Amino acid sequence: MTSWKLLATASACALSLGLASPSMADVSIEDVVNDAKSANDVLTSGLGGQGQRYSPLDAVNKDNVSGLAPAWAMSLGGEKMRGQQAQPLVKDGVMYITGSYSRAWAIDVKTGRELWQYDHRLPEGILPCCDVINRGGALIGDKFIFGTLDAKLVALSAKTGKVVWTKEIDDYKAGYSYTAAPLIVPTKAHGPLLVTGVSGGEFGVIGRVEARKVDNGELVWSRPTIEGHMGTLNGKESTMTGKKNETWPGDLWKTGGGATWLGGTYDDETKLVFFGAGNPAPWNSHMRPGDNKWSCSRIAIDPETGEIKWGFQTTPNDGWDFDGVNEVVSFDLDGTKAVATADRNGFFYVLNRENGKFIRGFPFVEKITWAKGLDENGKPIYVPENRPGNPAKSADGKKGENVFAVPSFLGGKNQQPMAYSPKTKLFYVPANEWGMDIHNEPVTYKQGAAYLGAGFTIKTIFDDHIGALKAVDPATGKIVFQVNNKAPLWGGVLTTGGGLVFYGTPEGELKAIDDTTGKELWSFNTGSGIVAPPVTWEQDGEQMISVLSGWGGAVPLWGGEVAKTVSNLNQGGMVWTFKLPKKVAGN
Ligand code: CA
Ligand code: CA
C-alpha cells in the first residue's frame with residue numbers, strides 16, 4: 001500500500017471515530033462452523049451452531065468470580081427502551097448487538113464506545129405478538145444480518161452499518177414479523193446459507209424455514225412446517241410437507257400456524273438444521289381433531305435441499321399454546337449423537353439427532369396437569385378432563401368449560417435459551433413454574449387478526465417462586481439442583497470451563513452460580529430486568545462477560561395475574577461488560 005493510501009485510511013478513521021478503530025469483521029464460513037472452539041470470538045447465536053452456550057474459558061472461575069466488576073456499559077438510548085433480548089456477537093474487538101424496535105449497533109469492546117447505529121424504519125401497523133424485541137444477528141463475510149418487526153431481513157456492512165441488501169420475508173399486515181437471530185449454515189451446493197423462520201403464529205400464518213444466499217438474500221429453498229403446503233428449491237416447487245389432510249381436517253391446515261419464530265441450530269456432525277414449530281392455529285383444539293403435524297414439533301432439515309429428514313412432535317393436537325419452538329441443543333450422550341430440548345409443555349426430551357428417535361423424556365417442572373407422562377415413544381399420555389372444554393358442547397355454544405392448566409401457555413420454558421456443560425454433562429434450564437385458567441371459544445380466521453379462540457389468565461402455583469434455574473441430567477432425568485427466583489426467568493444461560501453458570505433475572509441481577517451445587521458466587525444489579533443470554537470471550541488475554549439489560553418481552557404483556565406482580569420492574573436498555581479488575585492495591 002502506498003503511503004498516501006495509509007494516510008487517507010488513518011485520517012478517515014480519525015474523522016469518523018476520533019480515535020483508532022478496531023479492525024472490522026471478516027468472517028468465513030469455517031469461522032462460523034468452528035465458533036464453539038474459538039474462545040476469542042462469539043460468531044453465532046448459541047456460542048456454536050450446536051447451541052450449547054458453553055465457553056471453555058476458565059480465567060474467571062469459582063475461586064475468583066466474586067471479584068468480577070464492570071468494565072463498561074453502553075445505553076441503547078432514545079425513547080425506545082423495551083425488552084432487550086439479543087445475544088451479542090464479538091469479532092476482532094467489535095461487538096454487534098440488536099435492540100428493541102429493530103435497531104442494531106457495533107461497539108468497540110475495549111471502551112464501550114458506539115462505532116455505528118442502524119435504526120430500521122418501521123411502518124405503522126406492525127403486529128409483533130410479544131413486545132418489540134429482537135434476539136440478535138448473524139455475522140458472515142463483511143456483513144451483519146438481522147430480521148425486523150416488519151418481517152424483513154437486513155444485511156448491513158459490519159464496518160459501516162450501511163445497508164447492503166434488504167429482503168421481505170412476508171407481509172407484516174398479515175401478521176408476519178421477525179425477531180430470531182438468523183442461522184448461518186454451510187452447504188456444498190449453494191455455499192453459506194442464511195437460514196431463518198417466521199413469526200406470527202397467533203395470526204394463523206404458516207410456519208416455514210427458508211434459506212437464502214448470504215451475498216444478496218436470494219431465496220434458495222423454503223420448507224413449510226404444516227402438512228399439505230408445498231416447499232420450494234431453486235425457484236421451483238420441490239415436495240409437499242407431509243400428506244394433505246393426514247393429520248389435519250378440512251381446510252384448517254391452510255391457516256394452521258406452526259410458526260418457526262425462535263430460529264434454529266445447526267449440527268455440523270450430522271449436517272442437519274434443527275428448527276421448532278409453534279402452536280397450531282387456532283388455539284381451540286376442538287376445531288382441528290388430529291395430530292396437526294408438524295405444529296408443536298422439532299424438525300431436522302437437510303440444508304442442501306430443504307427436505308425434512310425427521311420430525312418429532314411434542315404436543316399433538318395442542319390445546320394450550322405449547323409452541324414447540326424451543327432450541328434443539330446437540331450434545332454427546334455417552335457416545336450417542338443426541339439432542340435435547342426443554343419444551344413449553346413442561347417435558348424435557350432427549351432424542352437421537354441422526355434419526356429423531358426418542359431416547360427419554362421427563363418433566364422438568366412440577367405439577368403438570370395436562371399429561372400424566374410420556375409413553376415409550378415420547379407421546380404425551382393426556383388427561384382428557386384437563387383439556388379446555390369444547391365450546392360447541394356448552395349451553396350457549398360460546399364458552400367451553402374452563403380448566404386450570406400447568407404449565408401456563410408461556411411455558412415451562414419459553415424463548416430464554418438453556419445451556420449445556422460438557423464438563424458436568426448437565427443442562428441448565430431457565431424454567432418457570434406457573435399455571436393458567438383457560439377456556440375455548442368459537443373463532444373464524446380473518447387475515448391480520450388474532451386467531452385464538454381462547455381466553456386465559458396466568459396464575460402462580462408456588463408462593464415463593466415462578467422462575468427456577470434447573471440443573472438437568474439428560475442421562476437420568478434427575479433435577480440435580482434448582483435455584484428458585486421470585487419473578488419468571490426470561491433470560492438465557494451461559495456455562496464456562498471455569499465451572500460457572502451465568503444467567504440474569506427480571507429483578508435485574510446477573511448471577512454466577514457453581515455448576516455442581518447451584519451456590520451463588522457472584523451477583524451484579526444491572527438496573528433493569530435481564531431477558532437476554534450472556535456471552536463470554538477472551539479479549540487480549542482477559543476473559544470478558546457481556547449481557548444486555550432491559551426488562552420487557554411477553555411476561556408484562558401476557559402475564560395475567562403474574563404481570564401485576566412484576567409491574568414494579570423498570571424498563572431499560574444497556575449493554576454491560578464485565579472482567580476481573582487488574583490489581584489496584586499493588587501487593
Ligand atoms: Ca468463538
Ligand atoms: Ca404461540
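**Calcium close-ups**

Asp 321 is buried, at a relative accessible area of 3% (buried means under 20%, exposed over 50% and partly exposed in between, with a 1.4 Å probe and protein chains only). This is a predicted model, where local features need pLDDT of at least 70, side-chain atom pairs count only at pLDDT 80 or more, and totals for chains, interfaces and linings use all residues. Residues are numbered from 1 along each chain as its sequence is written, chains are lettered from A and ligands numbered from 1 in the order written, and side-chain values use heavy atoms, with hydrogens and water left out.

**View 1. Here's what holds the calcium ion (ligand 2).** Glu 202 (OE, listed twice), Asn 279 (OD1), Asp 321 (OD) and Asp 323 (OD, also listed twice) coordinate this ion at 2.3 to 3.0 Å. Donors are N, O and S atoms within 2.8 Å of the metal (3.2 Å for Na, K and Ca); water is not among the atoms, so sites may look incomplete.

**View 2. Two loops meet at the calcium ion (ligand 2).** Glu 202 sits in the loop between strand S12 (193-196) and strand S13 (208-213), and Asp 321 in the one between strand S20 (307-313) and strand S21 (329-333), so the pair ties together parts 119 residues apart in sequence. Strands are DSSP runs (E, at least two residues), numbered from the N terminus. Glu 202 counts as buried too, at 13% relative accessibility.

**View 3. Now for the calcium ion (ligand 1).** Asp 35 (O and OD), Ser 38 (O and OG) and Asp 41 (O and OD) coordinate it at 2.2 to 2.5 Å. Along the chain, their spacing reads D-x2-S-x2-D. Asp 41 is buried, with a relative accessible area of 10%.

Notes:
Helix = DSSP H or I, 4+ residues; strand = E, 2+ residues; numbered from the N terminus.
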